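Here is a short report for a reader new to this structure. It starts with the whole chain and then turns to two residues.

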Amino acid sequence: MTVREFLRVMWEGKYLLVGSIVLALAAAFLYAERKPEVFEATATVQINAVDIGEGDTPATTTTVDTDPRLVEAPGVLEAVGEAVGRGVSPRLLATLISGQYDAGTQIMTITTTAGTPAGAVELANAVASAYVESLPGVIDDQIAEIDARRDALRTQLDAVDKQVKSKPKDPLAGAERSTIIDQYQTLSASRSTLESIVTPAQVLIPATGSSAVVVGLPRASIVLLGALAGLAVGIGLALARRALDSRLRGRADAAEAAGVPVLAELYGVARAAKSYRRTPVLPVSSRVASPFTESIRELRTALHVAMQDREHAVVVVTATDPHAPRSFIAANLAASWAMSGRATAAVSGDLRRPDLEDLLPHPNGLGADPDGLRPTQVPNLRFLALHDPTMDPADYLATDRVRETVESARDAGEVLVIDAPPVLAAADATILGAFADCVVLVATAGRTVRSVLVEAAERLRINGVPLTGVALAGVKGDSRMVYASTYGEPVESGPAAPGAVEPGQVEPGAAEPGPTEAGTTGRAGGADDGAGAGDDAGADVGADAGDDGAPTAAEDDAPRGAGQRAEAAPARAAVPPAPFRPPTFPPTGVRAAAEPLVATDPEVEPPTPAQVAPTIGRLLRTARRS
């Protein structure tokens with residue numbers, strides 16, 4: 001997993017991450033608030049020793065018993081309880097006291113804990129004093145133990161002496177007698193040394209208030225550790241969520257699940273649908289570049305390649321589940337083909353939820369054609385609804401009447417886009433797929449379950465439907481896609497020079513332009529220099545008549561039209577040419593009725609090639625079909 005993928009997983013699980021950190025911080029804060037403070041104090045006791053040795057004999061160090069457990073002896077605890085005077089039981093005191101002996105320095109370190117610094121210091125000093133006072137008794141116990149061992153050795157020695165008398169030459173009996181005598185002498189020397197110790201130990205460093213420290217972590221450290229623990233738990237939950245999530249995550253995942261390539265990743269579908277609901281204009285037909293419109297054009301290009309230059313092609317758009325934005329994508333795909341100059345028809349094949357008809361409304365004042373196709377607000381795009389309320393949708397789509405209707409609609413245009421229901425919702429998609437040359441399966445990244453896509457693709461293949469590829473919606477755009485969608489936009493010009501005439505204004509003293517002149521200037525953005533009108537004409541005719549192979553009218557007539565305008569309107573020579581601006585179009589691509597294509601007044605300037613180029617393209621296509 002790369003760093004970018006890890007950060008994306010963390011962003012997807014941000015609520016788990018934040019929730020874990022907040023809960024851990026709250027728990028740590030409550031624990032730090034309710035946790036009682038415990039203070040620790042330390043006192044040290046120096047143990048006195050005596051070295052024994054004569055002549056060349058090595059010195060032997062003898063001290064009182066230095067077992068650290070003697071600090072917790074019952075006699076010491078009783079004396080401490082009386083000194084503290086708090087009615088603390090010896091058993092509880094034993095849990096608050098600990099000792100540690102260092103043989104190198106012969107120092108016994110006594111550590112005590114209490115709820116206050118003063119209590120810890122008082123307890124440490126009391127334990128140290130009681131321990132020092134108990135050491136003479138410890139010496140007496142050691143001497144008593146030595147006497148008991150000496151008595152035992154004396155008894156053994158009497159038995160060995162009897163054996164030696166009976167067997168004077170027995171070497172084992174003589175050696176055993178010598179060993180017993182050596183042990184007896186050693187114990188006697190230790191006893192004498194212990195008796196010579198007047199002061200077994202003394203308090204070296206008593207506990208003071210400044211030496212009392214807080215036991216455990218401070219409150220800030222506890223809160224910080226809680227935050228780190230919450231972060232670790234949140235990361236683990238986010239990774240576990242990703243591992244257990246079976247939804248599609250990207251292009252490679254969708255292609256592997258469906259067994260076909262991903263034709264296009266559709267960026268910003270939700271934003272485009274929201275924009276359509278606000279202003280009911282299909283994004284593709286508005287001619288405004290966006291990540292979504294560029295993605296639709298990418299899908300159109302991929303399908304065009306898959307069609308292999310068929311004269312009449314049928315494209316079925318279906319989906320894996322009802323949540324995929326299938327109808328919206330189908331409407332924009334059909335509009336994209338229509339805007340490219342192809343005679344396109346969109347068919348609403350979803351009889352249960354016919355959303356496509358609302359996306360392609362009927363234009364005002366226009367009726368349906370004899371073949372059942374009605375026009376829409378998008379040029380070159382017509383609409384056909386399949387509907388029979390008397391029959392089940394699947395049964396109706398399987399009839400010969402529907403087949404004949406689809407074939408008729410296909411022959412009436414160049415591209416037929418059918419909006420089909422989800423594959424797994426009903427058999428409608430597989431029935432309509434039998435009419436298709438290409439089938440697009442729409443899935444949603446981050447929402448469509450991988451197993452659902454696998455099952456939908458397998459069902460289409462089992463029924464012999466030509467599944468071309470997957471259109472993956474729900475993909476989040478990045479800076480590269482935004483750059484691609486805005487590439488080629490004109491740069492706004494700077495402020496006008498002093499004395500210059502703004503576009504749309506008339507120089508003082510000049511005649512007002514006529515209606516046709518104003519309309520031409522506003523649309524072409526300074527047509528006198530030939531740049532705006534020529535480019536616009538080339539774009540329109542290339543879309544309308546370029547497929548016919550005929551030369552464009554703008555290439556033949558643009559210079560002549562420019563000259564005629566210069567001769568017909570000499571009064572405009574005093575007006576400086578306006579800077580070039582891109583042509584503007586109505587949102588739906590339909591030219592406004594207020595702009596006449598042909599001038600009726602002989603004194604008014606004749607129409608330019610850019611104005612008549614779309615009409616010429618439509619006439620050429622009509623002639624080719626006839």
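Of the 626 residues in the protein chain, 37% count as buried. The model is a predicted one. Its protein chain holds 21 helices and 15 strands. About 33,700 Å² of the protein chain is exposed, and carbon and sulfur atoms supply 57% of that area. Contacts in the protein chain with a separation of 6 or more come to 77% from residues 24 or more positions apart.

Two residues deserve a look, each placed in a helix.

| Residue | Helix | Helix residues |
|---|---|---|
| Leu224 | α7 | 219-244 |
| Ala456 | α16 | 450-462 |

Is Ala456 buried or exposed? Ala456 is buried, because its relative accessible area is 0%, and buried means under 20%. What does Ala456 touch, leaving aside its neighbours within four places in sequence? Ala456 is in contact with Thr320, Val423, Leu424 and Leu441. Asp321 lies 135 residues from Ala456 along the chain. The C-alpha atoms of Ala456 and Asp321 are separated by 8.9 Å.

Leu224 sits in helix α7. Why does Leu224 count as exposed? The relative accessible area of Leu224 is 53%, and exposed means over 50%, so Leu224 falls in that class. Leu224 also helps to make a nonpolar surface patch of about 450 Å². The other residues of this patch are Leu217, Leu225, Leu228 and Leu231.

Note on methods. Residues are numbered from 1 along each chain as its sequence is written. This is a predicted model: local features need pLDDT of at least 70, side-chain atom pairs count only at pLDDT 80 or more; totals for chains, interfaces and linings use all residues. Side-chain values use heavy atoms; hydrogens and water are left out. Patches are made of residues with over 30% relative accessible area and no salt bridge: like charges are joined within 9 Å, nonpolar side chains (Val, Leu, Ile, Met, Phe, Trp, Tyr) within 5 Å. Accessible areas come from the Shrake-Rupley method with a 1.4 Å probe; for residues, only the protein chains shown count as cover. A salt bridge is a side-chain nitrogen of Lys or Arg within 4 Å of a carboxyl oxygen of Asp or Glu. Helices (H or I, at least four residues) and strands (E, at least two) are DSSP runs, numbered from the N terminus. Buried means under 20% relative accessible area, exposed over 50%, partly exposed in between (1.4 Å probe, protein chains only). Contact means heavy atoms within 4.5 Å.
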